[in-house]
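Reader: I'd like to go through this model label by label and hear what backs each one. Can you keep it casual?

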Amino acid sequence: MKNHGPIFEWDPETGTASCILIDGDNIFIGSATCAPEDRDMMSEKTGYHIAQYRAQISYLKHLRDNVLKPRLAALKQLYFSINKSKYFNDKSYETKMIRRQIYMTSSDLDLIKDDLAELKQELNAYLTEKGKFYKRIRENRQKDKNN
């Protein structure tokens, strides 16, 4: 990935944060909008954090769906086409390389799937913890107000 670094944008009026990741010709955008009930806790940095998670998830989905799956399908198609030939040599360099590329691409696909699941889980955990944190702060503010 030719990473140009994340580009962040913040709109305080709408409470919307955006993160843009650029990979050569592809652009991946993640955004986060503050819920109306959380406006009292609105934070630019929290929005950036959530938006960056979503942009990274978008990038990984692109790799999975548009790079690795088609590559794996093409390699398998090639292998299953040549192994039907009467001249097929299972021990040839070409055959070994095709099998190695299939294995490497399958491994990359598994890694991307794991990374994607982990990022989604981290985002959900982050959102849950932020919700609990906001609730505690509001309770403390209410106690201070009542005293």
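Reader: What pattern does the chain follow, read along the sequence?

Author: This is a predicted model, and its chain reads β-β-β-α-α. In total that comes to two helices and three strands.

Reader: Why is the chain called more spread out than a compact globule?

Author: Set the two values side by side. The radius of gyration is 23 Å, while the globule rule gives 15 Å for 147 residues, so the chain counts as more spread out than a compact globule. The C-alpha trace spans about 90 × 30 × 20 Å along its principal axes.

Reader: On to the helices. What makes H1 roughly antiparallel or roughly parallel to H2?

Author: Helix H1 covers residues 44-82 and helix H2 covers residues 93-146, and they pack at an angle of about 160°. Angles over 145 degrees count as roughly antiparallel, so that is the label for H1 against H2. Their axes lie 9 Å apart, and the crossing is left-handed.

Reader: Which classes of residue make up the contact of H1 with H2?

Author: The contact has 21 nonpolar, seven polar and 13 charged residues.

Reader: Now the sheet. What is the order of its strands, and is the pairing parallel or antiparallel?

Author: The sheet is an open one of three strands, in the order E1-E2-E3, and the pairing is antiparallel.

Reader: What makes a strand an edge strand here, and which ones are they?

Author: An edge strand pairs on one side only, and that fits strand E1 (7-11) and strand E3 (26-33). From one strand to the next, the twist averages 15°.

Reader: How do you know that E1 and E2 pair?

Author: Pairing takes at least two bridges. Five bridges join E1 to strand E2 (residues 16-23), so the pair passes that cut-off, and the two strands run antiparallel. For partners you can look up, Asp11 stands opposite Thr16 in E2, and Glu9 has Ser18 in E2 as its bridge partner.

Reader: How many residues sit between the strands of that hairpin, and which one takes a positive phi?

Author: The hairpin of E1 and E2 has four residues between its strands, and Gly15 takes a positive phi near 70°.

Reader: Last one: which strands does H1 touch when it packs on the sheet?

Author: H1 touches E1, E2 and E3. Its direction makes about 140° with that of E3. Roughly antiparallel needs an angle over 145 degrees, so H1 against E3 falls under oblique instead.

Definitions and conventions: Residues numbered from 1 in each chain as written. Predicted model: local features only at pLDDT ≥ 70, side-chain atom pairs only at ≥ 80, totals over all residues. Heavy atoms only, no water. Axes fitted to C-alpha atoms, helices over the stretch in contact; angles between N-to-C directions. Parallel < 35°, antiparallel > 145°, perpendicular 65-115°, else oblique. Left-handed = near helix turned anticlockwise from the far one by under 90°. Nonpolar A, V, L, I, M, F, W, Y, C, P; charged D, E, K, R; others polar. Contact = heavy atoms within 4.5 Å. Rg over C-alpha atoms; globule rule 2.2 N^0.38 Å.
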